[in-house]
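Me: Got a minute to walk me through a model? I'll paste it below.

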Amino acid sequence: MDQLEIRNLHVSVNDREILKGVNLTVRKGEIHAIMGPNGTGKSTLAYTLMGHPAYTVTEGEVIFKGQNILELEPDERSRLGIFLAFQYPVAIPGVTVANFLRSAVNARRRAVDPQDKGIPIPEFRKMLLEKMKLLKMDPSFAGRYLNDGFSGGEKKRAEILQMAVLQPEIAILDETDSGLDIDALRIVADGVNALMGPNLGVLVITHYQRLLNYIKPHFVHVMLDGRIVESGGPELALALEEHGYSWLREEVQEA
Amino acid sequence: MQEKPKVVIRRGSRPTVAEKTFAFGRADVRAEGPLREYRERAWELFERLPMPSLEDEAWRRTDLRPMPADTFRLPSAEAYLDLAPVPEALLRPLVAERHAAQIVLLPGGVRVEADEALSKQGVIFTDLQTAEARYPELVQRIAGQVVRPEEGKFAAMAAALAQSGVLLYVPKGVRLEQPLHSVLWGPGNGLAYFSHILVLVDEGAEVTYVHEAASPTENADSLHVGLVEILLEQNAHLRFVELQSWGQHVWNFSHERVRVGRDASVDWIFGAVGSRLTKNFSELDLVGEGATGRMSGFYFTNDHQHLDHDTQQNHLAPHTTSDLLFKGALKGKSRSVWQGMIYVAPGAQKTDGYQANRNLVLSDEARADSIPGLEICADDVRCTHGATVGKLEEEPLFYLRSRGIPRPEAEKLLVEGFFDPIMQRIPFEGVRERFQKAIEEKLASEN
């Protein structure tokens, strides 16, 4: 089954319910955008899908490849093909981009064959350089400590590079607040467009319509107060740009 | 008005000093050779000095009461023949393709292998007893001159009782490319090892020296007490790698000092992963103008280990530079103590001193104490220090796991990243590999 299916997802943080029944299906080859004002649960959805320990699922399931991924550890979800591009990537001092990515690649190989000796270094280097070239990145990037002292744009680039190397089937891009930095947005968009294809489904989370000028979604969803309240095509994003969220809020309240 | 509360301090009935005493006697002192008088004086000091107690400032965090002092005995001659042999891995060169010479100090014996080219250059690298017989003046020039037996019970003890040791002398202007290597191998139950390392690097000479102390972990507690005395003359340069992987039954004590002369330098690397308990005093005496010293420490403890490193960077002349970084990780119920001091003597202007200690505590029951200190008696100096004790954080772990890296491996990556600044300071791949292996073994250990 080539889709990620979120069914009636309820999530709490510190006993406060944030997601109140989210339903959404993302198929490979599709780009979905979730929009909504701050504090409506968009990032909670992203972190929950990846398995962050601070988020407690109280109800619902998320089915991918016939499994409820909510029962899996974050690393197992990743190896199954889920990827989260972090809004704020974490700095890992002392660990280079190359060393980190090689560990991630080897973890995948070992999950298939516990006896695997790891990817030969020349082969890994070649692959990494190719991906960096594809994303127009300087090779010296590989030797830097992961996200340590990176500019906002460099962090975004590093996230996209990880995505290119790990080749996920479902990628969640949490860009909630980073719409402020147009360069960073463009980096993410260019990367996604370069990697997009029939084997990748993308869920972009943003509250700025601007990002969608660069990544063209097939579907747009609006999240308000922990639920998806409206779904439509790209035209929905334009309507939001023009009219804001208040008309939707009123509609939801009336209903 | 409220009366001030009366503070009553009741001392528990438990004494703060060990009750057991060492079972060595005057007859154990080697009353011969050029160090006879020095040893006899040291013995008297040893007998007179009390066992360190928790009330002594330097020993406040290191408890000797559980040490079965009365059970330790000296190994007999050729004891090594019946004990675990030294593993081949310890004899392999660590810092180059090959070493110019190697000394293996064994219980009740010694093995010396030296390249002939060395003696042709006038380099002396031999065991202590041979050195006493053949180079008495040289031995006298160093022994007791850098570390004085008065400095403590254990300093006096090693001075009086050292059965084994090394003398390294590099003559003026000689620059050795290949490293020198010594191994102190101390297997066996209930044994006491006393070692004495003497080094003199003469004017303009340069050498790399690796000294390693190791043993398997045995059943009954053993003891090692060591002295390291190093003199660097004007413009001499020493790279000194000191590794300690004693079995976890060993009580390990040492007093070490490098005296650095004018424009001379020492790059001093410590690696400590062994012993039941270690108390190590390591000092840098920068006595000549332009002298520099760098100290880099790596330690990783687990189970019930207790490692206490007491470091001192003494700036005793103007324009001297010191740079210390000690980094350690702790597992199980282990404990580490780092107590560092930068001292700048009156008149030692234009001094640049730095010290930092970073700890990564990997279990709730482990504990690291980090106590930096500065004592500055000059006004035109730059001294900085830092000390931290931290844990593995959940956010970086989650980040790594979200890329498919299982938790144990993610933890390993973070630990390696933590140690990276120390690795960057070590110019020897073999030593870095050894530390890397230690990280893996410690992380994989159950306790």
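Reply: Sure, let's start with a helix, then a threonine, then a couple of loops.
Reply: Ground rules: this is a predicted model, where local features need pLDDT of at least 70, side-chain atom pairs count only at pLDDT 80 or more, and totals for chains, interfaces and linings use all residues. Residues are numbered from 1 along each chain as its sequence is written, chains are lettered from A and ligands numbered from 1 in the order written, and side-chain values use heavy atoms, without hydrogens and water.

Me: How many residues does helix α3 of chain A have?
Reply: Helix α3 of chain A has 16, residues 97-112. Helices here are DSSP runs of H or I, at least four residues, and strands are E runs of at least two, numbered from the N terminus.

Me: What covers its buried residues?
Reply: The cover includes α2, α4 and α5 of chain A, plus α7 and α8 of chain B. Among the buried residues of α3(A) are A:F100, A:L101 and A:R108; buried means under 20% relative accessible area, exposed over 50%, partly exposed in between (1.4 Å probe, protein chains only).

Me: New topic: is B:T208 buried or exposed?
Reply: B:T208 is buried, because its relative accessibility is 6%. B:T208 sits in strand β7 (residues 206-214) of chain B.

Me: And which residues is B:T208 in contact with, leaving aside neighbours within four places in sequence?
Reply: B:V95, B:P179, B:L180, B:R239 and B:F428, where contact means heavy atoms within 4.5 Å.

Me: Where's A:D15?
Reply: A:D15 lies in the loop between β1 and β2 of chain A. A:D15 has a positive phi of about 70° without being a glycine, and counts as exposed at 81% relative accessibility.

Methods
Expected span 1.5 Å × (residues − 1).
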